[in-house]
Amino acid sequence: MRVAVLPGDGIGPEIVSQACRVLQKLDLKVQLQTAPVGGAGIEAAGHPLPPETLRLAKEADAILFGAVGDPRYDNLERAKRPEQAILGLRKALGLFANLRPAQVYPELAAASSLRPELVAGLDLLIVRELTGDIYFGQPKGIRSKGAEREGFDTMLYSESEVRRIARVAFEAARRRSRRVCSVDKANVLETSQLWREVLTEESRSFGDVELSHMYVDNCAMQLVRNPKQFDVIVTGNLFGDILSDEASMLTGSIGMLPSASLDANNKGLYEPIHGSAPDIAGKNLANPLATILSAAMMLRYSFNQDQAADRIEAAVAKVLARGLRTADIHQAGTQQIGTVQMGDAVVAAL
Ligand code: NAD
């Protein structure tokens, strides 16, 4: 299991090193190789995604990514900024499926902006298509029409694009509660009608998984009304962009949420959903749990090591149950600890 470790900027190196300690604690043959990316890539090799880093990422079986973004480079033109590294990796590696779990540990339910009873025990997974839809469909542009300008984009999905994201969702559901809710706008959009047809066809190969359909406006409402009704939500790029941010905020703890982006062979890039948090970098304040949970996702989705992934997730749950908290999730009556101490606690719990 060759893993390219790309810590990146800000808190990236601090949180990734804790996740690496956790991986090394397991009795698995994991090879970790580190390379600079983002601002660190600009510093080391003059590019946010240096060729050597890209080569390592291509050769690896999976990538553990921290975060990129450094205020020192905020004035560079967009193409040269640290954040371009992530787009470059997605494109070069063909990462088309984005998996974002939103899980609320009972002890952290008070951090949500919803009432604790609505979110305690929440465990849903959003599977978002990442490389198609209105973000990439052609033609798009701004043109003159009569006396004014008009802007236009093209929502477009091919059958094969829908089929492959459907399979990722059904397979993910098999590792969970075997329910997929496909979200679209089939009452208005042709693209969504095709999406719905293909999902329904593909579900015939997954007879053990229950498929339902929901319009995106209803889904946005249901996510704040009764989010625990969902297991896996699968949706296109545009709807997924919005719904996955909505779902992550149900948890109220940005430092707790992992994510995965997969290619057609389950090679993946695993990263916390948060950024490089320059405001707390280097202070031993960052919560490493999102990154540690990203490493667990890596074991589950790229290496089929479900048991090892379960062990990491159970260790995280145990540490939280013991009342140990980094500053971002600290509440009265719990014990505040630093990034390294949180890593120590998870390693000890393993
Ligand atoms: P951010 O996620 O870095 O931080 C938002 C807030 O959450 C900050 O107050 C931060 O201290 C806190 N926070 C984030 N992660 C935390 C953790 N693990 N533990 C404790 N607190 C945490 O978002 P931002 O401030 O908007 O962006 C900072 C930089 O990160 C920017 O350069 C941005 O472009 C970049 N960014 C990168 C990614 C990525 O690498 N995938 C994603 C989002 C933002």
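These legends describe close-up views of the ligand site and the two largest pockets in a predicted model.

**View 1. The residue shell around the ligand.**
The ligand is surrounded by 18 residues. V68, E83, G275, A277 and N287 are the closest of them. Sorted by class, this shell holds 8 nonpolar residues, 6 polar ones and 4 charged ones.

**View 2. Polar contacts to ligand oxygen atoms.**
E83 uses its side chain: one of its polar atoms there sits 2.4 Å from an oxygen atom of the ligand. V68 uses its backbone, with an N or O atom 2.9 Å from a ligand oxygen atom. S276 also places a backbone N or O atom by the ligand, at 3.1 Å from an oxygen atom. On its own, the ligand has 810 Å² of accessible area, and the protein covers 67% of that. V68 and E83 also belong to the group of closest residues in the shell.

**View 3. The largest pocket.**
This pocket holds about 790 Å³ of space. Its lining counts 33 residues. I86, L87, R90, R128 and L130 are the ones closest to the pocket centre. The lining breaks down into 14 nonpolar, 10 polar and 9 charged residues.

**View 4. Elements and domains that line the largest pocket.**
Two helices, α4 (84-93) and α9 (237-251), each provide at least two lining residues. The strands β3 (62-67), β4 (97-103) and β12 (268-272) each do so as well. Both domains take part: domain 1 (1-101 + 256-350) and domain 2 (123-250) each give at least three residues to this lining.

**View 5. The second largest pocket.**
About 370 Å³ of space lies here. The lining has 21 residues. Nearest the centre are Q103, D123, R176, R300 and E313. By class, the lining comprises 10 nonpolar, 2 polar and 9 charged residues.

**View 6. Where the second largest pocket sits.**
Which element gives the largest share of the lining of this pocket? Helix α10 does, with 4 residues. At least two lining residues each come from β4, β5 (123-129), α10 (289-301) and α11 (306-321). The second largest pocket lies between domain 1 (1-101 + 256-350) and domain 2 (123-250), because both give residues to its lining.

Terms used. Residues are numbered from 1 along each chain as its sequence is written. This is a predicted model: local features need pLDDT of at least 70, side-chain atom pairs count only at pLDDT 80 or more; totals for chains, interfaces and linings use all residues. Side-chain values use heavy atoms; hydrogens and water are left out. A residue is near a molecule or strand if one of its heavy atoms lies within 4 Å of it. A polar contact is a pair of N or O atoms within 3.5 Å; within protein, one must be able to donate a hydrogen and the other to accept it, and residues adjacent in sequence count only if both atoms are side-chain atoms. Accessible areas come from the Shrake-Rupley method with a 1.4 Å probe; for residues, only the protein chains shown count as cover. Ala, Val, Leu, Ile, Met, Phe, Trp, Tyr, Cys and Pro count as nonpolar, Asp, Glu, Lys and Arg as charged, and the others, Gly among them, as polar. On a 1 Å grid over the protein atoms alone, a cavity is a set of points where a 1.4 Å probe fits but cannot get out, and a pocket is an open set with protein on both sides within 12 Å along at least five of seven lines; lining residues have an atom within 4 Å of a point. Grid points are joined across faces, edges and corners, and a volume is the space filled by probe spheres set on the points. Domain bounds come from an automatic or database domain assignment.
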